[in-house]
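Student: Hi! I've just opened this one and could use a friendly tour. Can we go through it together?
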Amino acid sequence: MRPGLVSVGVLFAVLAAGMLLAVNLSPSTSENRDWFTLPPQPVGGNATGAALIQGTDTASGTFELHWSATMAARVDLYAVPGCTAPAPTCATGTPLVGWASQASGNWSTSGDLRFPYLLVWSSPSGAPGTFSANALESSPGSPSYLALGNLVIDGGAATLALVGAVAIFLGLFLRGGVYRGPAPLVSRSAEDAAEIARGPPRP
């Protein structure tokens, strides 16, 4: 038995088990994030402002919108797939959400998301002020890269486990001291005693 080899094999096996547990039992946190920020925009009179909120189309995502104004504002959010310019003419149909006369607002949705969205604001009373907004879209990350990374780590763990198993096997079954010289000759009868006493022939 060779204790050193056995110890190395056990260490490799423990490392392999730790890698497999860490990769396959830990939850995936990969996700895509698209930010939208609209700096303060001047609002006055009966003027209407509009901005396109771009993002990544997804079947499973979360969208959050926050806006604020220094005056009571009318704000509407529309889903306008295919719209390429932030023009109020893209705003057809019923808005997804609207605020009649407020200084701030928040809205969120999750599930199927189709971009862009059109944000439209105005000052119903004509009072001057500024308007700003920000939005965040979150969606799951690409599974292909996660699967490839897991495959590489699993392959490395399997290699470590194999090397560890071989080291344990050799450590258990190899005779210790394989690099020592041959065992000394022992006389078995009176006839070979003199020959053994002379020692092995010199080259």
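Tutor: Happy to! Keep in mind that this is a predicted model. Let's begin with a pairing between strands: in β5, the bridge partner of A79 is Y117.

Student: Okay, and how many bridges join β3 and β5 overall?
Tutor: There are 6 bridges between β3 and β5, which covers residues 117–122, and the two strands run antiparallel.

Student: Which residues make up β3, and how does it pair with β4?
Tutor: Strand β3 spans residues 58–79, and it pairs with β4, residues 97–113, in the antiparallel sense over 13 bridges. For a spot to look at, find D76, which stands opposite G98 in β4.

Student: What about β6, in which sense does it pair with β3, parallel or antiparallel?
Tutor: Antiparallel, over 8 bridges, with β6 running from residue 129 to residue 140. One place to see this pairing is A69, whose bridge partner in β6 is F131.

Student: Back to D76 for a second. Is it buried or exposed?
Tutor: D76, which sits in strand β3, is buried, because its relative accessibility is 8% and the buried class takes in values under 20%.

Student: And what does the side chain of D76 make a polar contact with?
Tutor: With the side chain of R74, at 3.4 Å.

Student: New topic: how many disulfides are there?
Tutor: The count is 1 disulfide. C83 and C90 form it, with their sulfur atoms 2.1 Å apart.

Student: Remind me, what is a disulfide?
Tutor: It is a covalent bond between the sulfur atoms of two cysteines.

Student: Got it. Is the link of C83 and C90 right-handed or left-handed?
Tutor: Right-handed, with 80° about the S-S bond.

Student: Are those cysteines buried or exposed?
Tutor: C83 is buried, because its relative accessible area is 10%. C90 counts as partly exposed, because its relative accessibility is 23% and that class lies between 20% and 50%.

Student: Let's move to the surface. Which residues form the nonpolar patch?
Tutor: The patch is formed by M1, L162, V166, F169, L170, L172, F173 and L174. Together these residues have about 800 Å² of accessible area.

Student: Where does M1 lie?
Tutor: M1 is in the segment before α1, the helix of residues 3–25.

Student: Why does M1 count as exposed?
Tutor: Because its relative accessibility is 57%, and exposed means over 50%.

Student: Nice, so which features should I click on again?
Tutor: Try the β3 and β4 pairing with its 13 bridges, then the disulfide of C83 and C90, and then the nonpolar patch that includes M1 and L162.

Key
Residues numbered from 1 in each chain as written. Predicted model: local features only at pLDDT ≥ 70, side-chain atom pairs only at ≥ 80, totals over all residues. Heavy atoms only, no water. Pairing = 2+ DSSP bridges. Helix = DSSP H or I, 4+ residues; strand = E, 2+ residues; numbered from the N terminus. Patch = residues over 30% accessible without salt bridge, like charges linked within 9 Å, V, L, I, M, F, W, Y side chains within 5 Å. Areas by Shrake-Rupley, 256 points an atom, 1.4 Å probe, with all protein chains shown as cover. Salt bridge = Lys/Arg side-chain N within 4 Å of Asp/Glu carboxyl O. Buried < 20%, exposed > 50% of the residue type's maximum accessible area, 1.4 Å probe, protein only. Disulfide = S-S within 2.5 Å. Polar contact = N/O pair within 3.5 Å; in protein donor to acceptor, adjacent residues only side chain to side chain.
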